[in-house]
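Let's take a friendly walk through the charged side chains of a protein. Have the viewer ready, and we will go pair by pair.

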Amino acid sequence: MRILLLGSGGREHALAWKIAASPLVTKLWCAPGNAGIAREAECVALDIADHGAVIDFCRSNAVDFVVVGPDAPIAAGIVDDLDAAGFKAFGPTKAAGKLESSKSFTKALCHANNIPTATYEHFADAEQAKAYIRGRGAPIVVKADGLAAGKGVVVAMTKEEALAAVDMMFGGALGEAGAEVVVEEFMEGEEASFFALCDGEHALALPTAQDHKRAFDGDNGPNTGGMGAYSPAPVMTEAMCARVMKEMIEPTLRALAAMGSPYKGVLYAGIIVTSDGPKLVEYNARFGDPECQVLMLRMMSDLVPALIACADGQLKNFSLRWFDEAALTVIMATRGYPGSYSRGSVIEGLDDAARIEGVEIFHAGTIAKDGAILANGGRVLNVCALGKTVTEAQARAYAAVERIKWPQGFYRRDIGWQAVARERE
């Protein structure tokens, strides 16, 4: 098969690494890719927002299958356009992808189908949102309705912080994404990431994971796209996973199918385990980044047939095999992220770091120039490791991080702390 992968982050490097290992693949391209992906695939300078250019590339290169990595092309309807042009793709349609691109759409779907989630209100007017916040008090959560690259959620511990978030969003700081907001109750509990492959009718649960959204140790600092992750997440017991499938994933698939928008692709449910059981924080219409990286490390089976089964509606009798080991990834980011940061700093020591047993390094924001690897983004490297336990995987990942020479980078030193604490009990 000739496969085109769309995207340029750490998630796409992990997917490229796994797809390239498939005996079914004769040619793999990635658009636009990065310096790490270039080792697995031929990177092509395509603007993936230009759907016509992507389709032209598929035609001229006889592409058999397209794998969509990030959220923006899904929200823009790339899968619909590829399908109309006769190309099979992994990912939901624009209509099904509204689970991620519109918080209010998902909230309404949850309400209509008794899916457990936070109580909420949806606002297109800043003053109405503020009046609601004043009435409810804090802590409270303010979310931009649209896609905001992981920066559209403010967990406000004070009323003033919540009111400032409303002003920020309606003030245009997040562009169109903040033109409407959802304000919802603050839920107490431990968060986890739950993934299911979907073919429109059936769902296949993947192993659980947990990511770390805050920028700094101890879950402090601003929210980011994710500073690290590990799998499995001990909080997600077998019984908890069964509840998530029954109470969230399955009713969501039924609801979308009834709307005429069957969901095909990977469905990512952000879960919070409360004293009342699991509740949905939000849905994403693609693999999580950095959770995808730890899942790909743990996957024993060939990924490609699973992706094709989703597109073909053939998941019913499908199964996947997984390694028992735990996996953990530490994100190395440019100083200043998630705010403003510089580009172009040199990164050294990557080959030395990758020599540690069980370690795999996925690139996120990197470019290759004159034989050197340069930082070219906020989140730059995903230093991943496998281990018999989360504690062992963590030790290996941090041993690798220590070998990387990049003074302009920073990282959290406590990725996996909740699982490590459980393992010590």
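Is Arg-355 buried or exposed in this predicted model? Arg-355 is exposed, and its relative accessible area comes to 61%. Its side chain meets that of Asp-352 in a salt bridge, with 3.4 Å from N to O. The partner, Asp-352, counts as partly exposed, at 31% relative accessibility.

Now turn to helix H2, which spans residues 51–60. Here Arg-59 and Asp-56 form a salt bridge, and their closest N and O atoms lie 3.9 Å apart. Why can these two pair up along the helix? They are three residues apart in H2, so about one helical turn separates Arg-59 from Asp-56. As for their surroundings, Arg-59 is exposed at a relative accessible area of 53%, while Asp-56 is partly exposed at 47%.

The next stop is a salt bridge between the side chains of Asp-289 and Arg-379, again described by its N to O distance, 3.9 Å. This pair links distant parts of the chain, 90 residues apart: Asp-289 sits in the loop between strand S17 (277–284) and helix H10 (291–298), and Arg-379 belongs to strand S23 (residues 379–387). Both partners fall under the 20% cut-off for buried residues: Asp-289 has a relative accessibility of 12%, and Arg-379 has a relative accessible area of 19%.

Finally, step back from single pairs. A network of salt bridges links Lys-103, Lys-107, Lys-143, Glu-184 and Glu-282. Across the whole structure, a search finds 22 salt bridges.

Conventions
Residues are numbered from 1 along each chain as its sequence is written. This is a predicted model: local features need pLDDT of at least 70, side-chain atom pairs count only at pLDDT 80 or more; totals for chains, interfaces and linings use all residues. Side-chain values use heavy atoms; hydrogens and water are left out. A salt bridge is a side-chain nitrogen of Lys or Arg within 4 Å of a carboxyl oxygen of Asp or Glu. Helices (H or I, at least four residues) and strands (E, at least two) are DSSP runs, numbered from the N terminus. Buried means under 20% relative accessible area, exposed over 50%, partly exposed in between (1.4 Å probe, protein chains only).
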